[in-house]
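Reader: Could you walk me through this structure, one question at a time? I would like to see the reasoning behind each answer.

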Amino acid sequence: MSTADRSTAREYLEALLIAAVFLLFTNTFVVKTFFIPSGSMEETLLVGDHLFVNRFIFGPTMGKLEQAVLPLREPRRGDIVIFRSPERPNIDLVKRLIGLPGDTIQVVNKQLFVNGKKVEDSAYVVHKDPKTFLNRPYMSEQQRLRDNFGPVTVPEASYFCMGDNRDMSYDSRFWGTVPAHYLKGRAFLIYWSFGGGTSDGTWRGAGAKLRELANTALGFLTKTRWTRSFHLPS
């Protein structure tokens, strides 16, 4: 190999390394992808929605100078957030942020109250089960805490999160608050929505993965929800 060829090969290698580092940095600190495997956020987010997650917005450096020059801010009530599961930290979840540190959260007959005030959330919350369960010790936890919960106060450096599909969401009512350092970012764009079946993230072998990929490829045109592409969830 000539000197010129070695120089060209080295330039290509350096370019690939720089691109790899940039992509790793972007995925870690700026934008990450996430897909919806369950119906706990219906109808805001559907099973098969694929999201871009803004990992930069809740940056670790939140001084006055950074807030003045960078698009950073504290989490807010109503944000759709992605975070590590408090029960299984190796799994990411998506819910709506309902309570900030110091807030008092209560659910009375399916109605949410924050700091004693009724929350008007009918624009995004759905109740698919007409039954209302009372909080009684002889009932299962899923029944006791679903429709009548609290009041509880959100601890410091923690957040209270709930799914929009309130009757079908396993959330802070059952496993508690989310530590602030578990937050990974805010959902800001649905870049693709596929209605042909979505993996729940569990590895079931190479054969199952190949079948899943084949199903996606064959159904891409007919099962993609085109009207949801580039939709901003709120």
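Reader: Leaving aside neighbours within four places in sequence, which residues is V81 in contact with?

Author: Happy to start there, with the reminder that this is a predicted model. Contact here asks for heavy atoms within 4.5 Å. With neighbours within four places in sequence set aside, the partners of V81 are F58, L93, V94, K95, L97, C161, L183, G185 and R186.

Reader: Which strands each supply at least two residues of the largest nonpolar core?

Author: The largest nonpolar core has twelve residues: I57, F58, V81, F83, L97, L100, Y159, C161, W175, V178, Y182 and L183. In soluble globular proteins, nonpolar side chains tend to be buried together. The strands that each give at least two residues to this core are β3 (80–84) and β9 (158–162).

Reader: How far apart in sequence are the parts that K184 and D92 tie together?

Author: K184 and D92 form a salt bridge, and their closest N and O atoms are 3.1 Å apart. K184 sits in strand β11 (residues 183–193) and D92 in strand β4 (residues 92–99), so the pair ties together parts whose separation in sequence is 92 residues.

Reader: Are D129 and R146 buried or exposed?

Author: Their side chains meet in a salt bridge, at 3.0 Å from N to O. D129 is in the loop between β7 (117–118) and α3 (141–147), while R146 is in helix α3, 17 residues apart, and the pair links distant parts of the chain. Buried means under 20% relative accessible area, and D129 and R146 are both buried.

Reader: Which residues do salt bridges that share partners join into one network?

Author: Side chains of opposite charge can pair when their charged atoms come close. A search of the whole structure finds 17 salt bridges. Through shared partners, one network joins K110, D129, K131, R146, D147 and D167.

Reader: What is the relative accessible area of F220?

Author: F220 belongs to helix α5 (residues 206–223). Together with L221 and W226, F220 makes a nonpolar surface patch of about 350 Å². Patches take residues with over 30% relative accessible area, and F220 is partly exposed, at 35%.

Reader: What share of the residues of the protein chain count as buried?

Author: The protein chain has five helices and eleven strands, and exposes about 13700 Å², with carbon and sulfur atoms supplying 60% of that area. Of the 234 residues, the share that count as buried is 35%.

Note on methods:
Residues are numbered from 1 along each chain as its sequence is written. This is a predicted model: local features need pLDDT of at least 70, side-chain atom pairs count only at pLDDT 80 or more; totals for chains, interfaces and linings use all residues. Side-chain values use heavy atoms; hydrogens and water are left out. Patches are made of residues with over 30% relative accessible area and no salt bridge: like charges are joined within 9 Å, nonpolar side chains (Val, Leu, Ile, Met, Phe, Trp, Tyr) within 5 Å. Accessible areas come from the Shrake-Rupley method with a 1.4 Å probe; for residues, only the protein chains shown count as cover. A salt bridge is a side-chain nitrogen of Lys or Arg within 4 Å of a carboxyl oxygen of Asp or Glu. Helices (H or I, at least four residues) and strands (E, at least two) are DSSP runs, numbered from the N terminus. Buried means under 20% relative accessible area, exposed over 50%, partly exposed in between (1.4 Å probe, protein chains only). A nonpolar core is a set of buried Ala, Val, Leu, Ile, Met, Phe, Trp, Tyr and Cys residues joined through side-chain atoms within 4.5 Å.
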